[in-house]
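Hi everyone, thanks for making time. I'll walk you through one model today, so have a look at the sequence and the structure first.

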Amino acid sequence: MAQPVQPTKKRKGIFGALAFLAVATGLYWSLVVAPPDAYQGEVQRIMYLHLPSILTAYLSYFLVFIGSGMYLWKREKRDDILAHSAAEIGVLFTALTIIEGSIWGKPTWGVWWTWDARLTLTAILLLIYAGYLMLRSLMEDEDRAATAAAVLGIIGFLDIPLIHMSVYWWRTLHQPPSILRPDKLPWENVHPAMLTALAISFVGFLLLYFYLLSLRYRLGEMRAEIRALRLQREA
Amino acid sequence: MGAWGFVGLAYGIVWGVILIYWFCLKRRYKETETELARLKATEERPNDGKK
């Protein structure tokens, strides 16, 4: 028998379509409309992926931090599901940031990788949250795994201010920020078409992120329901 | 490799990986949804198969 479409599924579908539209517009602006950089030329277009990717990863780890803190405080399963879901997607975006940076590094620095402070700290961030995911899959006791992961999720977040400040504190190959600078507003430092491309690309990444997070969160909820039903049956 | 080669490589890898993750997530979602529906159905009919 035909079933009506559930409202949450319909909402997710609309959200997904909006994300796709924003990503497609961002791609058009990044690859066609934005002018090439005066010094780096066309290769600078990788910035429209690189910056939104790392900012999305930071947002994800912020949600891990909030979810973990709330879980340790209130012991609510939904906070743990949020932290776990955000960590998984955060790892994806951090890995992509490192790959993009490496591809950008080769034509600009002449190397795919260097043990620069910012690059090394970002690699450590990836390892911390990959460890978070491994911890969750390796520990059999669900509650103990959630508690241990929450502690790691909070400690791992401390790496993000270090990454941001690394270009000021140490002599690094990585350039200082062009957009998030304390001394200049973004439009004083970057061409308006470049800034627009970056903004659209960032909105696309954000919408895509929240779409993926909503799917991953619901998956976590369903898994928790399955576990509860099985426990109920065994009891 | 020219400048556009590096740009194409970066964009190709990023959107390819995101697409693969999305497909895998959708598959995991569907499998879990089916399993949950099956469990709920047997929960509602606990005596199914017993005479």
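Quick bit of vocabulary before we start: when I say helix here, I mean a DSSP run of H or I with at least four residues, numbered from the N terminus. I need that for a residue like A:Arg75, which sits in the loop between H2 and H3 of chain A.

And to be clear, this is a predicted model. For the complex, the predictor gives an ipTM of 0.88 and a pTM of 0.89. Chain A has a mean pLDDT of 89, with 94% of its residues at 70 or more. For chain B the mean pLDDT is 88, and 88% of its residues reach 70 or more. If you want to know where to be careful in chain A, confidence is lowest in helix H7, residues 186-189, at a mean of 70, and highest in H2(A), at 96.

So, the overall layout. Chain A has 8 helices and 0 strands, so reading along the sequence you get α-α-α-α-α-α-α-α. Its C-alpha trace spans about 70 × 45 × 30 Å along the principal axes. Of the 235 residues in chain A, 34% are buried. Look at the contacts in chain A with a separation of 6 or more: 75% of them are between residues 24 or more positions apart.

Two pairs give you a feel for that. A:Arg223, over in helix H8 of chain A, has its C-alpha 9.8 Å from that of A:Ile81, and those two are 142 residues apart along the chain. A:Arg223 counts as partly exposed because it has 16 other C-beta atoms within 10 Å. The other pair is A:Ala130 and A:Glu88, 42 residues apart along the chain, with C-alpha atoms separated by 8.1 Å. A:Ala130 lies in helix H4 of chain A, and with 14 C-beta neighbours inside 10 Å it is partly exposed too.

Chain B is another story. It comes to 1 helix and 0 strands, and of its 51 residues, 8% count as buried. Is that one helix straight or bent? Well, what I can give you is the span: at 1.5 Å a residue, the 42 residues of H1(B) should cover 62 Å, and the end C-alpha atoms are 61 Å apart, so the two agree.

Which residues of H1(B) are buried? They are B:Phe6, B:Val7, B:Ala10 and B:Val14. What covers them includes H2 and H3 of chain A. The contact between the chains takes 21 residues from chain B and 23 from chain A. On the chain B side, those residues divide into 16 nonpolar, 1 polar and 4 charged.

That takes us to the core. The largest nonpolar core has 53 residues, and those with the most contacts inside it are A:Ile46, A:Val64, A:Leu208 and B:Ala10. The elements giving it two or more residues are H1, H2, H3, H4, H5 and H8 of chain A, together with H1 of chain B. As a general point, nonpolar side chains tend to be buried together in soluble globular proteins.

Let's zoom in on A:Val64. Leaving out residues up to four places away in sequence, it touches A:Ala83, A:Ala86, A:Ala87, A:Gly90, A:Gly153 and A:Phe157.

Two of those, A:Gly153 and A:Phe157, are also on the list of buried residues of H5(A), along with A:Ala146, A:Ala149, A:Ala150 and A:Gly156. Seen down the axis of H5(A), the buried residues fall within an arc of 135°, so they line one face of the helix. They pack against H2, H3, H4 and H6 of chain A. H5(A) itself has 16 residues and reaches 22 Å from first C-alpha to last, close to the 22 Å expected at 1.5 Å a residue.

Last stop, back to the loop. What's odd about the phi of A:Arg75? It is positive, about 60°, although A:Arg75 is not a glycine. For context, most residues other than glycine have a negative phi. Buried or exposed, then, for A:Arg75? It counts as exposed, because there are 12 C-beta neighbours inside 10 Å, and the cut-off for exposed is 12 or fewer.

That's my tour; happy to go back to any part of it.

Key:
Residues numbered from 1 in each chain as written. Chains lettered and ligands numbered in written order. Predicted model: local features only at pLDDT ≥ 70, side-chain atom pairs only at ≥ 80, totals over all residues. Core = buried A, V, L, I, M, F, W, Y, C linked by C-beta atoms within 7 Å. Buried ≥ 20, exposed ≤ 12 C-beta atoms within 10 Å, placed from the backbone. Contact = placed C-beta atoms within 7 Å. Nonpolar A, V, L, I, M, F, W, Y, C, P; charged D, E, K, R; others polar. Expected span 1.5 Å × (residues − 1). pLDDT = per-residue confidence, 0-100. Arc of directions from axis to C-beta.
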